[in-house]
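User: I keep running into words like "edge strand" and "polar contact", and I'd like to see what stands behind them. Could we go through this one together?

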Amino acid sequence: MQAIVLLGAPGAGKGTAADGLQEEFGFLHVSTGNMLREAVAGGTSVGHEAEPFMQAGELVPDRIIGHVVEEVLDSHKGGARYMFDGYPRTLTQADMLDACLKSRASELNHVFYLSAPRGILVGRLAGRRICASCGANYHLVNVQPKVGGVCDRCSGELYQRPDDSEETVNTRLNIYEEMTRELADHYEKRSLLQPIDSSRRPEDAIDDITRILRSSEGGGQAVSP
Ligand code: AMP
(Lines give C-alpha, C1' and ligand atoms only; values in the text may rest on other atoms or scores of the structure.)
Protein backbone atom coordinates (compact mmCIF):
# COMPACT_ATOMS: atom_id res chain seq x y z
CA MET A 1 0.00 0.00 0.00
CA GLN A 2 1.32 3.41 -0.89
CA ALA A 3 1.08 6.75 0.85
CA ILE A 4 2.64 9.96 -0.40
CA VAL A 5 2.79 13.55 0.82
CA LEU A 6 2.81 16.64 -1.39
CA LEU A 7 4.76 19.24 0.54
CA GLY A 8 5.03 22.78 -0.74
CA ALA A 9 4.12 26.41 -0.32
CA PRO A 10 0.69 27.74 -1.19
CA GLY A 11 0.91 28.31 -4.95
CA ALA A 12 3.56 25.63 -5.51
CA GLY A 13 1.03 23.59 -7.49
CA LYS A 14 0.13 20.86 -4.99
CA GLY A 15 -3.55 20.94 -5.98
CA THR A 16 -2.84 20.73 -9.72
CA ALA A 17 -0.30 17.94 -9.20
CA ALA A 18 -2.79 16.12 -6.97
CA ASP A 19 -5.47 16.24 -9.70
CA GLY A 20 -3.07 14.72 -12.24
CA LEU A 21 -1.75 12.04 -9.88
CA GLN A 22 -5.18 11.06 -8.64
CA GLU A 23 -6.26 10.36 -12.19
CA GLU A 24 -3.09 8.41 -12.98
CA PHE A 25 -2.70 6.35 -9.78
CA GLY A 26 -6.16 6.33 -8.15
CA PHE A 27 -4.94 7.86 -4.89
CA LEU A 28 -7.39 8.96 -2.24
CA HIS A 29 -6.69 12.71 -2.27
CA VAL A 30 -6.60 13.98 1.31
CA SER A 31 -6.44 17.79 1.21
CA THR A 32 -6.88 19.27 4.67
CA GLY A 33 -7.40 22.72 3.09
CA ASN A 34 -10.31 21.43 0.96
CA MET A 35 -11.81 19.56 3.91
CA LEU A 36 -11.62 22.64 6.13
CA ARG A 37 -13.18 24.85 3.43
CA GLU A 38 -16.03 22.33 3.12
CA ALA A 39 -16.47 22.33 6.91
CA VAL A 40 -16.63 26.14 6.92
CA ALA A 41 -19.13 26.18 4.02
CA GLY A 42 -21.22 23.50 5.74
CA GLY A 43 -21.26 25.43 9.03
CA THR A 44 -20.01 22.40 11.05
CA SER A 45 -18.42 22.76 14.50
CA VAL A 46 -14.99 22.05 12.94
CA GLY A 47 -15.71 24.79 10.39
CA HIS A 48 -16.59 27.29 13.13
CA GLU A 49 -13.39 26.52 15.02
CA ALA A 50 -11.15 26.61 11.95
CA GLU A 51 -12.55 29.66 10.16
CA PRO A 52 -10.80 32.46 12.14
CA PHE A 53 -7.39 30.80 11.67
CA MET A 54 -7.99 30.30 7.97
CA GLN A 55 -9.14 33.87 7.44
CA ALA A 56 -5.97 35.15 9.08
CA GLY A 57 -3.83 32.77 7.00
CA GLU A 58 -2.67 31.02 10.19
CA LEU A 59 -2.39 27.32 10.90
CA VAL A 60 -5.46 25.60 12.29
CA PRO A 61 -4.58 23.81 15.59
CA ASP A 62 -3.15 20.29 15.23
CA ARG A 63 -5.98 18.80 17.32
CA ILE A 64 -8.61 19.88 14.75
CA ILE A 65 -6.47 18.73 11.82
CA GLY A 66 -5.93 15.31 13.46
CA HIS A 67 -9.68 14.96 13.83
CA VAL A 68 -10.52 15.74 10.19
CA VAL A 69 -7.80 13.44 8.85
CA GLU A 70 -8.85 10.48 11.05
CA GLU A 71 -12.43 11.03 9.98
CA VAL A 72 -11.71 10.94 6.24
CA LEU A 73 -9.43 7.89 6.53
CA ASP A 74 -12.08 6.06 8.55
CA SER A 75 -14.60 6.70 5.80
CA HIS A 76 -12.30 5.13 3.15
CA LYS A 77 -11.23 1.83 4.65
CA GLY A 78 -9.78 -1.04 2.66
CA GLY A 79 -6.71 -0.84 0.51
CA ALA A 80 -6.70 2.87 -0.25
CA ARG A 81 -3.54 4.58 -1.48
CA TYR A 82 -3.31 7.93 0.20
CA MET A 83 -2.06 11.23 -1.20
CA PHE A 84 -1.80 13.92 1.46
CA ASP A 85 -1.87 17.48 0.17
CA GLY A 86 -1.19 20.38 2.54
CA TYR A 87 -0.76 17.90 5.41
CA PRO A 88 1.34 17.53 7.51
CA ARG A 89 2.29 21.15 8.13
CA THR A 90 3.92 20.72 11.57
CA LEU A 91 6.18 18.13 13.16
CA THR A 92 3.33 17.15 15.50
CA GLN A 93 1.17 16.49 12.45
CA ALA A 94 4.00 14.46 10.90
CA ASP A 95 4.00 12.22 14.01
CA MET A 96 0.21 12.02 13.89
CA LEU A 97 0.39 10.93 10.25
CA ASP A 98 2.86 8.13 11.05
CA ALA A 99 0.57 6.85 13.80
CA CYS A 100 -2.47 7.13 11.55
CA LEU A 101 -0.84 5.12 8.76
CA LYS A 102 0.63 2.53 11.11
CA SER A 103 -2.77 1.80 12.60
CA ARG A 104 -4.00 1.15 9.04
CA ALA A 105 -1.08 -1.13 8.17
CA SER A 106 0.32 1.51 5.83
CA GLU A 107 3.39 3.72 5.79
CA LEU A 108 4.74 6.77 4.05
CA ASN A 109 6.68 6.02 0.85
CA HIS A 110 7.57 9.43 -0.58
CA VAL A 111 7.41 13.10 0.33
CA PHE A 112 7.45 15.25 -2.81
CA TYR A 113 8.74 18.70 -1.99
CA LEU A 114 7.43 21.16 -4.61
CA SER A 115 9.31 24.44 -4.55
CA ALA A 116 9.39 27.65 -6.57
CA PRO A 117 10.75 31.17 -5.95
CA ARG A 118 8.52 33.41 -3.83
CA GLY A 119 7.79 35.88 -6.68
CA ILE A 120 6.29 33.04 -8.74
CA LEU A 121 4.18 31.83 -5.80
CA VAL A 122 2.72 35.28 -5.10
CA GLY A 123 1.85 35.76 -8.79
CA ARG A 124 0.14 32.36 -8.94
CA LEU A 125 -1.88 32.93 -5.77
CA ALA A 126 -2.98 36.45 -6.64
CA GLY A 127 -4.31 35.27 -10.04
CA ARG A 128 -5.77 31.98 -8.82
CA ARG A 129 -9.47 31.38 -9.34
CA ILE A 130 -11.41 28.33 -8.11
CA CYS A 131 -14.66 26.79 -9.30
CA ALA A 132 -17.28 27.15 -6.57
CA SER A 133 -18.94 23.88 -7.65
CA CYS A 134 -16.19 21.38 -8.47
CA GLY A 135 -13.06 23.01 -7.02
CA ALA A 136 -11.15 23.06 -10.35
CA ASN A 137 -8.19 25.48 -10.39
CA TYR A 138 -7.76 28.32 -12.90
CA HIS A 139 -5.50 31.35 -13.23
CA LEU A 140 -6.25 34.79 -14.68
CA VAL A 141 -3.19 34.54 -16.95
CA ASN A 142 -1.76 31.00 -16.91
CA VAL A 143 -4.85 28.75 -16.96
CA GLN A 144 -7.76 30.73 -18.36
CA PRO A 145 -11.23 29.21 -18.69
CA LYS A 146 -12.78 29.23 -22.18
CA VAL A 147 -15.44 31.69 -20.96
CA GLY A 148 -14.35 34.28 -18.39
CA GLY A 149 -15.47 33.49 -14.83
CA VAL A 150 -17.06 30.14 -15.81
CA CYS A 151 -15.68 26.63 -15.17
CA ASP A 152 -14.90 24.60 -18.33
CA ARG A 153 -15.73 21.34 -16.55
CA CYS A 154 -19.06 22.04 -14.88
CA SER A 155 -20.04 25.65 -15.78
CA GLY A 156 -19.72 26.60 -12.10
CA GLU A 157 -18.84 30.15 -11.08
CA LEU A 158 -15.16 30.97 -10.50
CA TYR A 159 -14.16 32.88 -7.36
CA GLN A 160 -11.05 34.09 -5.58
CA ARG A 161 -10.35 32.41 -2.25
CA PRO A 162 -10.52 35.07 0.50
CA ASP A 163 -7.13 33.91 1.82
CA ASP A 164 -5.53 34.51 -1.61
CA SER A 165 -5.60 38.29 -0.99
CA GLU A 166 -2.13 39.83 -1.10
CA GLU A 167 -1.94 40.55 2.63
CA THR A 168 -2.97 37.04 3.70
CA VAL A 169 -0.76 35.44 1.04
CA ASN A 170 2.31 37.00 2.65
CA THR A 171 1.34 35.68 6.10
CA ARG A 172 0.75 32.21 4.63
CA LEU A 173 4.08 32.20 2.82
CA ASN A 174 5.97 33.33 5.94
CA ILE A 175 4.39 30.58 8.04
CA TYR A 176 5.04 28.07 5.31
CA GLU A 177 8.74 28.94 5.06
CA GLU A 178 9.25 28.53 8.79
CA MET A 179 7.33 25.28 9.20
CA THR A 180 8.31 23.60 5.97
CA ARG A 181 12.00 23.93 6.56
CA GLU A 182 11.57 21.78 9.68
CA LEU A 183 9.38 19.26 7.90
CA ALA A 184 11.73 19.03 4.92
CA ASP A 185 14.66 18.36 7.30
CA HIS A 186 12.62 15.76 9.14
CA TYR A 187 11.80 13.83 5.96
CA GLU A 188 15.24 14.34 4.48
CA LYS A 189 16.72 12.57 7.51
CA ARG A 190 14.34 9.68 6.89
CA SER A 191 15.39 9.57 3.21
CA LEU A 192 11.81 10.18 2.08
CA LEU A 193 12.23 13.65 0.58
CA GLN A 194 12.08 14.07 -3.22
CA PRO A 195 12.67 17.69 -4.33
CA ILE A 196 10.55 18.75 -7.33
CA ASP A 197 11.15 22.02 -9.19
CA SER A 198 7.64 23.44 -9.51
CA SER A 199 8.60 26.73 -11.11
CA ARG A 200 8.06 24.91 -14.44
CA ARG A 201 4.78 23.97 -16.13
CA PRO A 202 2.54 21.83 -13.87
CA GLU A 203 2.82 18.94 -16.36
CA ASP A 204 6.59 18.83 -15.86
CA ALA A 205 6.29 18.45 -12.09
CA ILE A 206 3.61 15.78 -12.54
CA ASP A 207 5.84 13.91 -15.01
CA ASP A 208 8.74 13.89 -12.52
CA ILE A 209 6.55 12.56 -9.72
CA THR A 210 4.95 9.97 -12.00
CA ARG A 211 8.37 8.71 -13.04
CA ILE A 212 9.48 8.30 -9.42
CA LEU A 213 6.26 6.54 -8.42
CA ARG A 214 6.35 4.19 -11.42
CA SER A 215 9.94 3.38 -10.74
CA SER A 216 9.30 2.57 -7.07
CA GLU A 217 6.20 0.53 -7.99
CA GLY A 218 8.12 -1.48 -10.53
CA GLY A 219 11.06 -2.11 -8.22
CA GLY A 220 13.19 0.44 -10.07
CA GLN A 221 12.08 -0.41 -13.62
CA ALA A 222 11.98 2.31 -16.28
CA VAL A 223 8.74 4.16 -16.83
CA SER A 224 6.58 2.68 -19.57
CA PRO A 225 5.39 5.18 -22.19
P1 AMP B 1 -4.50 25.23 1.82
O2 AMP B 1 -5.70 25.11 0.93
O3 AMP B 1 -3.77 23.93 1.99
O4 AMP B 1 -3.59 26.37 1.43
O5 AMP B 1 -5.05 25.58 3.28
C6 AMP B 1 -5.81 26.75 3.51
C7 AMP B 1 -5.78 27.10 5.00
O8 AMP B 1 -6.34 26.01 5.76
C9 AMP B 1 -4.37 27.29 5.57
O10 AMP B 1 -3.91 28.62 5.38
C11 AMP B 1 -4.62 26.96 7.04
O12 AMP B 1 -5.30 28.03 7.71
C13 AMP B 1 -5.61 25.80 6.97
N14 AMP B 1 -4.92 24.48 6.88
C15 AMP B 1 -4.98 23.60 5.84
N16 AMP B 1 -4.27 22.49 6.11
C17 AMP B 1 -3.73 22.66 7.34
C18 AMP B 1 -2.88 21.88 8.17
N19 AMP B 1 -2.42 20.67 7.76
N20 AMP B 1 -2.52 22.39 9.37
C21 AMP B 1 -2.97 23.59 9.80
N22 AMP B 1 -3.76 24.39 9.06
C23 AMP B 1 -4.16 23.93 7.84
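Analyst: Below we take the sheets and then the ligand, setting values against definitions. This is a predicted model, where local features need pLDDT of at least 70, side-chain atom pairs count only at pLDDT 80 or more, and totals for chains, interfaces and linings use all residues. Residues are numbered from 1 along each chain as its sequence is written, and side-chain values use heavy atoms, with hydrogens and water left out.

User: How do you know that β2 and β3 pair?

Analyst: Two strands (DSSP runs of E, at least two residues, numbered from the N terminus) pair if DSSP finds at least two bridges between them. Four bridges join β2 to β3 (residues 82-85), so the pair passes the test. The two run parallel, and Val 30 sits opposite Phe 84 in β3.

User: What makes β2 an edge strand?

Analyst: β2 belongs to an open sheet of five strands, in the order β2-β3-β1-β4-β8, with parallel pairing. β2 (28-31) and β8 (193-197) each pair on one side only, and that makes them the edge strands.

User: Why do β6 and β7 stand at the edges?

Analyst: They're in an open sheet of three strands, ordered β6-β5-β7, with antiparallel pairing. β6 (137-139) and β7 (158-159) each have a single partner strand, so one side of each has no neighbour in the sheet. β5 (residues 128-131) and β6 pair over three bridges, and Arg 129 is opposite Tyr 138 in β6.

User: On to the ligand. Why is the link to Thr 32 called a polar contact?

Analyst: A polar contact is a pair of N or O atoms within 3.5 Å (within protein, one must be able to donate a hydrogen and the other to accept it, and residues adjacent in sequence count only if both atoms are side-chain atoms). A ligand nitrogen is 2.8 Å from an N or O atom in the side chain of Thr 32, so the pair fits. Arg 89 has a polar side-chain atom 2.9 Å from a ligand nitrogen, while for Val 60 a polar backbone atom is 3.0 Å from one.

User: What makes a residue count as near the ligand?

Analyst: One of its heavy atoms must lie within 4 Å. The ligand has 16 residues around it, and among the closest are Thr 32, Glu 58 and Arg 89. Helix α2 (residues 32-41; a helix is a DSSP run of H or I, at least four residues) gives the most to this shell, with four residues.
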